[in-house]
Amino acid sequence: MESKEFIKKLKAYALKSSAIVAFILLWEAAPHLGLIDPIFIPPPSIIAAKIYQLLLSGELLVHTVASLERVFLGFIIALAVALPLGFLIGGWFKTFETAVDPLLQILGQANPFTLFPVFMALLGIGELSKIGIIYWVCQWPVLFNTVSGIKSVDPVYIKVGRSMGLTKFNLFKKVLLPAALPAVFTGIRMSAVFAFFMLIGAEMIGAHSGLGFLIIQSEAVFNMPKMYAAIVSVALLGIAINYVMLKLERRAMSWKEDVAV
Amino acid sequence: MAKIESVNVKKIFKIKKGGNQYDELPALGGVDLKIEQGEFMVIVGPSGCGKSTFLDLVSGLTLPDSGTITIDGKPVTGPGLDRAIVFQQNALFPWRTTLENVEFGLESTNPDRDNRREIALDYLSLVGLSGYHNHYPHQLSGGMKQRVSIARALALNPDIMLMDEPLAALDAQTREFLQRDILRISKESHKTVLFITHSIDEAVFLGDKVAVMSARPGVIKEILDIPLTAEQRAEDDVVATKEFVQSRLILWKLLKEEVVKVQESQIRFQNQAVAQSPARGIGNGLINAVRVLTKI
Ligand SMILES: Nc1ncnc2c1ncn2[C@@H]1O[C@H](COP(=O)(O)OP(=O)(O)O)[C@@H](O)[C@H]1O
Ligand SMILES: [Mg+2]
């Protein structure tokens, strides 16, 4: 019985990873078949070896930590600003919301890459401007999702709360907040992904550390295996961040019906 | 003194037309109704006649534009723990287990955790759900969810239960079981109940009295005493008794007039639409007429 289950699971995994495996094999074979130039696109085995070497030397860790630090700071500041603001706008100040919504929408739409020079001009090219731009990108999904999450809470929940004589504060804490949580989490997860995208961009423009810097620097000295090692690390880290966010979300909302996504 | 008394209660909704323009929608046109202590009062009426609006006013969630509602002689100025509401469906908090849902109202009144839990467990078993305290709402059937909603309302030990079509979304069988439980619990605990439905059978089975509401703007058109005894209601063949059949027929006639009114006004409305867009109106008019008739 158990082993049958196990084999079934194994088969599912095999099917799921088949495309990835095929892709890696093809990539590996391509230079040998003369399809691509290994100088520009080295095969996965070389990249893997490079990642391993960078791990051993500690270089990869240094850059990863530098990157994560920036993402984390920008992200935390964004949460600290956007969450309370979102709850305030969505929950209490309806008129205020109507007034500021168009402005916020425009600001949120502004392409952060175009704003980069502005941040550099204002905050210099050091850490501050990088963290600043990450904060800027992160706050919008959190803000918009929180506001719409609060506004779309089923009125019947509020009716139940009010009919049971809840104070305004308790109504917020026990009804609005948990009801809006799924939407809030969507915003948080979106912004974690954005933050990571933005960070790499920021590090490519002016930095002395971080994975984005590692990519640009390797390219400048034409160290292709190292560049690809950094690119792959960025991809893996992105997947890891998304995974952690999903886990946190599941944990916070274990009451949710399991729906396949 | 009546437990609940509504005197000439009117409610007009203002619907924003854009800018500072409002359309007025008179929902209640002067409701007069007296409900005695311990009485089971059912309101029936065509869909959209203002039944929920009236219930909201009794609960204190909204206030009338004119007229007064009093409880034990005191005017209602807002929600109070002497009244608890059971809504049609999906009013349970999905992030709370059934036990936590039932505890919800107690949290503001009863600081003793263990005692709260005890009370909640008692009420869960009263509605036949002991053993389900750790389930989340999405793990329950529609009927079980409504049982939890009823337990949540009862847990506050209110004098008055306000029930807004609590069984409307359930299948016939589940509905019948719940009707019997609601009747039993309300009589055992001496609650005053205001129960809304658009099912005539449900109204006759449950009500000591059935108030028929007119088409919008709603007023109480007639109040019918249901001459069924508690013993008769307990029997399986209560629907075959002379009293049941007669009450049913009277209510049916009263309601039909109101439904026809709704239908005529809808057809009038549709005809206006026909004048504007000939292709779509006629079909919709017929569909709506059928829809209104089959609602009852
Ligand atoms: N908050 C509201 N704002 C505007 N119109 C409302 C509101 N609530 C109900 N109405 C309207 O008032 C009328 C009566 O509604 P309701 O009391 O819900 O009817 P029902 O008898 O079906 O419960 C309907 O026409 C409905 O559209
Ligand atoms: Mg209704």
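Where in chain B does Asn8(B) lie? Asn8(B) belongs to strand β1 of chain B, the stretch covering residues 4-18. The residue gets picked out here for its backbone: phi is positive, at about 45 degrees, even though Asn8(B) is not a glycine. Keep in mind that all of this comes from a predicted model.

Chain B has another backbone feature to flag. The peptide bond running from Arg216(B) to Pro217(B) is cis, and its omega sits near -5 degrees. Pro217(B) is found in a loop of chain B, the one between β9 (209-213) and β10 (220-225).

How far can the model be trusted? For the complex, the predictor reports an ipTM of 0.84 together with a pTM of 0.80. Chain A has an average pLDDT of 85, with 97% of its residues scoring at least 70. For chain B the average is 87, and 91% of the residues score at least 70. Within chain A, confidence bottoms out in helix α4 (residues 94-109), where the mean is 77, and peaks in helix α7 (residues 155-163), at 92. As a rule of thumb, where pLDDT is low, the predicted coordinates should not be read in detail.

On to the domains. Chain A splits into domain 1, residues 1-36, and domain 2, residues 41-260. Their contact draws on 5 residues from domain 1 of chain A and 6 residues from domain 2 of chain A. Taken over C-alpha atoms, the centres of these two chain A domains are 32 Å apart. In chain B, domain 1 is put together from 4-82, 161-179 and 190-293, while domain 2 spans 90-157. Here 9 residues of domain 1 of chain B and 10 residues of domain 2 of chain B make up the contact. The C-alpha centres of domain 1 and domain 2 of chain B are separated by 28 Å.

The helix packing in chain A can be told from the viewpoint of helix α3 (residues 59-91). Two packed helices are described by the angle between their axes and the distance between the axes. Against helix α6 (residues 127-151) of chain A, α3(A) packs at about 30 degrees, with the axes 6 Å apart. That angle makes α3(A) roughly parallel to α6(A). The crossing of this pair is right-handed. Sorted by class, the residues in contact between α3(A) and α6(A) are 20 nonpolar, 6 polar and 4 charged.

Helix α8 (residues 168-205) of chain A is another partner: the axes of α3(A) and α8(A) come within 9 Å and cross at roughly 145 degrees. Once more α3(A) makes a right-handed crossing, this time with α8(A). On the α3(A) side the contact includes Ser67(A), Arg70(A), Val71(A) and Phe75(A), and the residues contributed by α8(A) include Phe172(A), Leu177(A), Val184(A) and Glu203(A). By class, the contact of α3(A) with α8(A) comes out as 13 nonpolar, 2 polar and 2 charged residues.

Then there is helix α10 (residues 224-252) of chain A, whose axis comes within 12 Å of that of α3(A), with a crossing of roughly 40 degrees. α3(A) and α10(A) are therefore oblique to each other. The handedness of the α3(A) and α10(A) crossing is right-handed. From α3(A), the residues involved are Glu59(A), Leu60(A), Thr64(A), Leu68(A) and Phe75(A); these meet Lys226(A), Ser233(A), Leu237(A), Ile241(A) and Met245(A) of α10(A). This contact between α3(A) and α10(A) has 6 nonpolar, 2 polar and 2 charged residues. Phe75(A) is listed both in the contact with α8(A) and in the contact with α10(A).

Definitions and conventions:
Residues numbered from 1 in each chain as written. Chains lettered and ligands numbered in written order. Predicted model: local features only at pLDDT ≥ 70, side-chain atom pairs only at ≥ 80, totals over all residues. Heavy atoms only, no water. Axes fitted to C-alpha atoms, helices over the stretch in contact; angles between N-to-C directions. Helix = DSSP H or I, 4+ residues; strand = E, 2+ residues; numbered from the N terminus. Parallel < 35°, antiparallel > 145°, perpendicular 65-115°, else oblique. Left-handed = near helix turned anticlockwise from the far one by under 90°. Nonpolar A, V, L, I, M, F, W, Y, C, P; charged D, E, K, R; others polar. pLDDT = per-residue confidence, 0-100. Domains from an automatic or database assignment. Contact = heavy atoms within 4.5 Å.
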